Amino acid sequence: GLLYNYSAAMAINRQDTIFDYPHRGICPEGWHVPTKEEWQTMATFVLESNNPDYKCSGCDYSVEEGDDEGYYDCIAKALADSTDWHGNSSTCTVGNDLFANNATGFSVLPTGYYDSGYNGLGLYTYLWCATPNKEDGAYQWYIGYDENYLAYYYYNRSEGDAVRCLRNSMVVTTDSADNVAANTSILYGAVADMGSITTSVAAGFKYGTSREALTSTITSAEI
């Protein structure tokens with residue numbers, strides 16, 4: 001991938017600050033540049049997961065969420081790729097024992113950043129999110145080779161950073177239940193937004209309290 005200033009990442013004019021979410025920006029059709037809140041949802045999920053590989057053992061777990069910056073301790077290794085990061089001797093940092101990285105499969109690479117020249121390749125990654133902050137800034141997410149945390153900061157929009165796109169959600173609307181019996185009912189629905197899904201999907205849902213009630217086929221249709 002490339003490094004983009006905020007306007008290029010969002011595919012907007014420099015003076016634009018208001019747009020609808022989800023915002024596609026430079027992402028492929030069916031994907032969007034994630035907001036600060038979507039990043040926070042992901043970070044919280046990883047931090048609160050019961051998977052022991054998601055949080056580095058021997059690390060003091062904590063979360064700090066401010067207006068201009070925030071930190072999610074002990075989860076950077078689970079998000080960082082196991083290649084290309086510089087080494088570091090401190091326990092639980094991304095650069096310590098690269099083979100222990102990437103338990104989540106998120107595979108963040110150390111792309112560095114651009115600010116009057118290319119900097120930090122192999123050391124850091126900064127990823128834009130769609131949420132602007134103040135007149136000349138926006139939020140970016142950070143992982144460093146010598147840190148154990150995932151962090152967000154407010155920064156100037158002119159910096160060149162990487163972008164991680166998020167797939168749009170499929171939206172399904174449902175009608176009232178039909179064919180209601182003692183143990184079964186059928187609930188038909190319509191797909192209002194396919195997100196980035198292009199394959200066949202079921203046109204309805206069937207509910208039952210026994211295995212036998214769920215054996216009939218709901219017709220699928222190409223949307």
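**Entry 1: pairing and the sheet**

I take two strands as paired if DSSP finds at least two bridges between them, and I keep in mind throughout that this is a predicted model. With that rule I looked up the sheet, which is open, has six strands in the order β2-β3-β8-β7-β6-β9, and shows mixed pairing. At its edges I find β2 (63–65) and β9, each with a single partner strand, so one side of each is left without a neighbour in the sheet.

**Entry 2: strand β6**

I next followed β6, residues 124–133, and asked how many of its ten residues are buried. Eight of the ten are, so the strand is largely enclosed by the rest of the structure. On one side β6 runs antiparallel to β7 (residues 137–144), and seven bridges join the two. With β9 (residues 162–163) the direction is parallel, and two bridges make the connection. I used L127 to see both neighbours of β6, since this residue stands opposite W141 in β7 and also opposite A162 in β9.

Towards the two ends of the β6–β7 ladder I noted further partners: Y124 has G144 as its bridge partner in β7, and N133 stands opposite G137. The hairpin of β6 and β7 has three residues between the strands, and in this hairpin K134 takes a positive phi near 65 degrees.

**Entry 3: strand β7**

Is β7 mostly covered or mostly open? I find it mostly covered, with eight of its eight residues buried. In a regular strand the side chains alternate between the two faces of the sheet, and I checked the two sets here. G137, Y139, W141 and I143 point one way from β7, whereas A138, Q140, Y142 and G144 point the other way, and residues of both sets are buried.

The other partner that I looked up for β7 is β8 (150–156), which runs antiparallel to β7 and is joined to it by six bridges. G137 appears again here, standing opposite N156 in β8, and a hairpin through five residues joins the two strands.

**Entry 4: helix α2 and the nonpolar cores**

I then looked at what covers the sheet, and found that α2 lies across β2, β3 (69–72), β6, β7 and β8, running at about 130 degrees to β6.

The largest nonpolar core has 23 residues, of which I75, L79, W85, W141, I143 and L150 touch the most other members. At least two residues of this core come from each of α2 (36–48), α3 (76–79), β6, β7 and β8. Which element gives the largest share? It is α2, with five residues.

I took L79 as one member to trace outward: leaving aside residues up to four places away in sequence, L79 touches M42, V46, N102, T104, F106, S107, V108, I143 and L150. A second core, separate from the one above, has eleven residues, including A9, I12, C27 and V163.

**Entry 5: aromatic pairs**

For the rings I count 15 aromatic pairs. Y71 and Y149 form one that is edge-to-face, at 5.1 Å centre to centre and 85 degrees between the planes. This pair links distant parts of the chain, for Y71 is in strand β3 and Y149 in the loop between β7 and β8, 78 residues apart. Both Y71 and Y149 are buried.

Another edge-to-face pair is that of Y113 and Y126, with 5.3 Å centre to centre and 80 degrees between the planes. Y113 lies in strand β4 (residues 113–114) and Y126 in strand β6, so the pair ties together parts that are 13 residues apart in sequence. Is Y126 buried or exposed? Buried means under 20% relative accessible area, and Y126, at 15% relative accessibility, therefore counts as buried.

I then placed these rings in a wider setting, and found that Y71, Y113, Y124, Y126, Y142, Y145, Y149 and Y153 form one aromatic cluster.

**Entry 6: charges over rings**

Last I looked up charged side chains set over aromatic faces, and noted two cases. K55 lies over the face of Y61, at 5.7 Å from the ring centre, and R164 lies over the face of F106, at 4.3 Å from the ring centre. I add that F106 is also one of the residues that L79 touches.

Key
Residues numbered from 1 in each chain as written. Predicted model: local features only at pLDDT ≥ 70, side-chain atom pairs only at ≥ 80, totals over all residues. Heavy atoms only, no water. Buried < 20%, exposed > 50% of the residue type's maximum accessible area, 1.4 Å probe, protein only. Helix = DSSP H or I, 4+ residues; strand = E, 2+ residues; numbered from the N terminus. Core = buried A, V, L, I, M, F, W, Y, C linked by side-chain atoms within 4.5 Å. Contact = heavy atoms within 4.5 Å. Axes fitted to C-alpha atoms, helices over the stretch in contact; angles between N-to-C directions. Phe/Tyr/Trp six-rings, centres within 6.5 Å; stacked < 30°, edge-to-face > 60°. Lys NZ or Arg CZ within 6 Å of the ring centre and 35° of its normal.
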